[in-house]
Amino acid sequence: MLAERPALAHEVAAALNGLRLLASSADPRHRRLAWVVIQRYGLDGDSPMTIADLGRHFGITPQGARDLEHRGLDHIRRLMRRTHFYRLVHRNQLFLGISA
C-alpha cells in the first residue's frame, strides 16, 4: 500500500524519523513521550496500550495519559517539519551551488 502512495510513504518515513529522534533525545522527558507514542500505537510490535493502561503505568489519570500522547505527537510533528525544512534548504543549496 505504501509503495502505491509515495507521498504517504514519505510522511510515514518522516514520522518514524521524528519518533527516532525523540526516543534518542538526551532529555528523559522526550524519551518518555516517545515511549508513550510507541506503546499507544503498538509500534514495537506489541498490542497497542489503551489510554487507561498508560495512565495506570504512570500512575496518572487517563486524561493525563492522553495529554502525554498529544505532547509526544506534537513533538514528532515539529521534528518532522524541522527535518523537512532542513532537507529543502540543503537541496536548494546544492542546486544553487552554495556550500554549507
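Visitor: Which residues does T83 touch, not counting residues up to four places away in sequence?
Guide: In this predicted model, T83 is found in helix α4, and its C-alpha atom is 8.1 Å from that of G18, although the two are 65 residues apart in sequence. Once residues up to four places away in sequence are set aside, the residues that T83 touches are N17 and L21.

Visitor: What distance separates the C-alpha atoms of R78 and G18?
Guide: R78 lies in helix α4, which covers residues 62-96, and at 39% relative accessibility R78 counts as partly exposed. Along the chain R78 and G18 are 60 residues apart, while the separation of their C-alpha atoms is 8.2 Å.

Visitor: How many helices and how many strands does the protein have?
Guide: Read from the N terminus on, the elements of the protein run α-α-α-α. The tally is therefore four helices and zero strands.

Visitor: At what angle do α2 and α3 pack?
Guide: Two packed helices are described by the angle between their axes and by the distance between those axes. For α2 and α3 the axes are 10 Å apart, and α2 passes α3 in a right-handed crossing. The angle at which α2 and α3 pack is about 145°.

Visitor: Which residues in α3 are met by residues in α2?
Guide: By class, the contact of α2 with α3 has five nonpolar, two polar and two charged residues. From α2 the contact draws on R32, W35, V36, Q39 and R40, and the residues they meet in α3 are I51, L54, H57 and F58.

Visitor: Which two residues form an aromatic pair, and is the pair stacked or edge-to-face?
Guide: The count comes to one aromatic pair, formed by W35 and F58 with 5.7 Å centre to centre and 90° between the planes. The pair links distant parts of the chain, since W35 is in helix α2 (residues 28-41) and F58 is in helix α3 (residues 51-58), 23 residues apart. Because planes over 60 degrees apart count as edge-to-face, the pair of W35 and F58 is edge-to-face.

Visitor: Does F58 count as buried or as partly exposed, and what is its relative accessible area?
Guide: Buried would require a relative accessible area under 20%, and F58 does not meet that cut-off, so F58 is partly exposed. Its partner W35 also counts as partly exposed, at 30% relative accessibility, whereas the relative accessible area of F58 is 25%.

Visitor: How far is the charged end of R32 from the centre of the ring of F58?
Guide: R32 in α2 is among the residues that meet α3, where F58 takes part in the contact. The charged end of R32 sits over the ring of F58, and its distance from the ring centre is 5.3 Å.

Visitor: Is S47 buried or exposed, and what is its relative accessible area?
Guide: S47 lies in the loop between α2 and α3, and S47 touches Q39 and G42, not counting residues up to four places away in sequence. Since values over 50% count as exposed, S47 is exposed, with a relative accessible area of 62%.

Visitor: What distance separates the C-alpha atoms of Q63 and A52?
Guide: Q63 has its place in helix α4 and is partly exposed, with a relative accessible area of 43%. Q63 and A52 are eleven residues apart along the chain, and their C-alpha atoms are separated by 8.7 Å.

How values were computed: Residues numbered from 1 in each chain as written. Predicted model: local features only at pLDDT ≥ 70, side-chain atom pairs only at ≥ 80, totals over all residues. Heavy atoms only, no water. Phe/Tyr/Trp six-rings, centres within 6.5 Å; stacked < 30°, edge-to-face > 60°. Helix = DSSP H or I, 4+ residues; strand = E, 2+ residues; numbered from the N terminus. Buried < 20%, exposed > 50% of the residue type's maximum accessible area, 1.4 Å probe, protein only. Lys NZ or Arg CZ within 6 Å of the ring centre and 35° of its normal. Axes fitted to C-alpha atoms, helices over the stretch in contact; angles between N-to-C directions. Left-handed = near helix turned anticlockwise from the far one by under 90°. Contact = heavy atoms within 4.5 Å. Nonpolar A, V, L, I, M, F, W, Y, C, P; charged D, E, K, R; others polar.
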